[in-house]
Amino acid sequence: MPFPPLQGRYRGGGERQEKAFEISVESGYPMKYRTQERIIIIAFLAIPFALMVMFLIYPTLRVVYMSFTNWDGVLPKMDYVGLKNYKYIFQVDKEAWVSLTNNAIYAISGLVQNIVALLLAVALSSKIKGRNIFRAIIFLPFILNSVAVSYMFDFMYNYETSPINVILEALKLQPVDFLNGKNVNISLAAVCFWRYTGYSMIIYIAALKSISHEIYESAQIDGANAAQTLWYITLPNIRTIIELNLFLTLSGSLNAFVEPWIITKGGPGTKSRTFLFTIVKNAFEFSRFSYAAALAVVLIIMALTLTWIQKRVIMKGEKQYEK
Amino acid sequence: MVKRIIALVVCIMMVAALAVGCGEKPVSQPSASPSATPAPSQSAEASATPEPAPGISGEITMLSNQVNWLESFYPEMIKEFNAKYPNIKLTVDAIEGYEETLKIKMSSDDLPDVLTSFVNTPSAEQREAFLLPLDDTASAGKIDPDFQAFFKGADGKVYGMPYAKDISGIVIYNKKIFKDLNLSIPKTLDELIAAGKTIKDAGYVAGLAMCSKDQWTMCQFDEGGPRFFSGNPNVFNDVLDVNSDAPFTIDGPWGKTFTLIDTLVKSGIVNESPNSYGWEPFKADFKANKIGMFLMASWFIGQSVPDELVNEAGDYVGIFAMPLDNSGKLYAKFSPMPALSIAKSTKNPEAAKALVDFMCLDYNEKLTKAQTGFSTNPDVNVVYDWSSELDAESMAELPKSPEVTNIWNNGAVDFSAKASAVAGGEMTPEEAIEAMNASWAAGRAAK
């Protein structure tokens, strides 16, 4: 073994550290315990840190750098143009902001998703028969690959051959046109709702487990009904988890991309384009890489701002509660 | 003891799994694509015959977008190529999502020796930067120069050699449906609508199909419409004034095109809800004889009938020129199909040029027939039983100038998106024209 065995008595600084130093000198390893500890930590963290820098930090910095140039994605020509791309975004371009309003629909669906997930979590945390099976069924859509799910819903939303429309026609009802201008965004948001409800629910179930039973028992003794229990006991106790879920939902809705790209390609016209869709289309179809980079930076800033606002709103409530 | 053995076996399996992906493959087996694309790819490889023969030698790779040819067509072509040049080792690879991947390959310096290039990708500047000029090849002297012009770089040299062309702006119709309903080929717009109504009333899915859910399928209206309405092959460069913020007008060629789409949809001959109707379901319906007519190009004929009937396609489908109005004037236009280019980074330009010349001159007829196209080589005469029926004035096509292309790209002027919105009833033609002008103005402001 390369290092002397680590024994509990020699941990910590001061006198014990000196003793460790003496022992290590005696056994032939002239290195302090702390140094050995540091070397082990660095050795284990080096590779994950290198990967993070290579695949996360460096590309982000590069995107920010690109947003100040006029690179088209292919040619080696990359000149510094200052804030030209940002001026274009805020003064001229309307399509990007219009596509942002479509993201709002995903955010609203995300809020509904959180409420439904919370109610399901409360229902499936009580002792009912088959609750594990229900939990598995509701969580299953999250495991499926998002591209495969999109292709599946592509088939489901086809006007002529959709199973839903076939059933509606058999019942002599009007078939639904899922992908026309009025319905398309709600249909696509519904796909996200179907996929992520289970995920939110599982997080809420875990959070609910952390609330002590005694509070519920004393509430029951005091005569609280189900609604009062939910509002006054459950919700305040899982406030942090609600904040986490809302953060995940909100940033997820800003990043909605797979469903519009595969099912409608932004159609009809540009009705179902989202912000990220605009970024990708600009980068790869119209060869405006640096403009797309500027849009991406704007997206990051928006996500951070919204998260900060959300945190202030929820944490403010928590402060009041604690008083 | 047992635990240790199990742990050892699992470790060996994991290391073996790792080694499988990293091992070197023997030359005679088909090799995986060297590029880092997320799309699936396969390749066919041929081995050189052991005869010593004089001539060009070396190793070259070719990249194509025809994935369906990897198993069937390319092995044959490689064999014939090696019969002429036994010392050149040729590897052919094909990928899905070709155009996007090509851009990434260009910027990461990962191009093969010979590649397929399109009219719009790479752009004129990119051609100069990444491809070799082909003006000195034998093909340049033979292939129709009007079609070579589509693949010129910004310096005027030719960077892509098109070996085939197709007819676009034509309607492909189902012969069986026409015969059953006793319909004749329409020569005016009113006749077309009448024929479409008869087909729709008889219960078929569509008289004239529009699968605008896949927006690119509406491109034929942009290819043909403005040119044919104005009778001007240079309409993109003449009408689209780079100094004006509103070059699109409702009475101009594009306005007439949008109005045509609107008229067709409102007349009831188009399938229900075009924006929910995708390309693949449409193709399945067309093969199943449920669609009367469809506006596309001649390359579609190869996909309009079940695979086993492709060689007798003329018995099942036919073509006629799309009547745009009631004037009786009918146009059809020849467009270049994807061309062959050589990368600047090639280590073996002689062998690459030999391959381009082989495909454009010796193998031209087989290549063109495989795509149901026509040849740009005047020595090669490809005729089909369905092509002789076409009765229309042939109109040339001139590419967009670099200034127009710049504004078109910078403003994201997306004709297909607006056309599909008009087809679905989301936009009126006037709103579509306004949207086109807004994009054009944004493109001008971006300069």
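Buried means under 20% relative accessible area, exposed over 50%, and partly exposed in between, using a 1.4 Å probe and protein chains only. By that yardstick B:K266 is exposed at 65%, while B:D262 is buried at 15%. This is a predicted model, where local features need pLDDT of at least 70, side-chain atom pairs count only at pLDDT 80 or more, and totals for chains, interfaces and linings use all residues. Residues are numbered from 1 along each chain as its sequence is written, and side-chain values use heavy atoms, with hydrogens and water left out.

**Salt bridges**
- Searching the whole structure turns up 18 salt bridges over all chains (a side-chain nitrogen of Lys or Arg within 4 Å of a carboxyl oxygen of Asp or Glu).
- B:K266 pairs with B:D262 at 3.0 Å, N to O.
- B:K283 and B:E280 also form a salt bridge, at 4.0 Å, N to O; here B:K283 is buried at 13% relative accessibility, whereas B:E280 is exposed at 52%.
- B:K89 meets B:E59 at 3.7 Å, N to O.
- A salt-bridge network links A:E95, A:R273, A:K281 and B:D414.

**Nonpolar cores**
- The largest nonpolar core (buried Ala, Val, Leu, Ile, Met, Phe, Trp, Tyr and Cys residues joined through side-chain atoms within 4.5 Å) has 46 residues.
- Those with the most contacts inside that core are B:F221, B:W254, B:L264 and B:M293.
- A second, separate core of 36 residues includes B:W69, B:A351, B:V356 and B:L367.
- Leaving aside neighbours within four places in sequence, B:M293 is in contact (heavy atoms within 4.5 Å) with residues including B:V171, B:F178, B:L192 and B:F320.

Definitions and conventions: Chains lettered and ligands numbered in written order.
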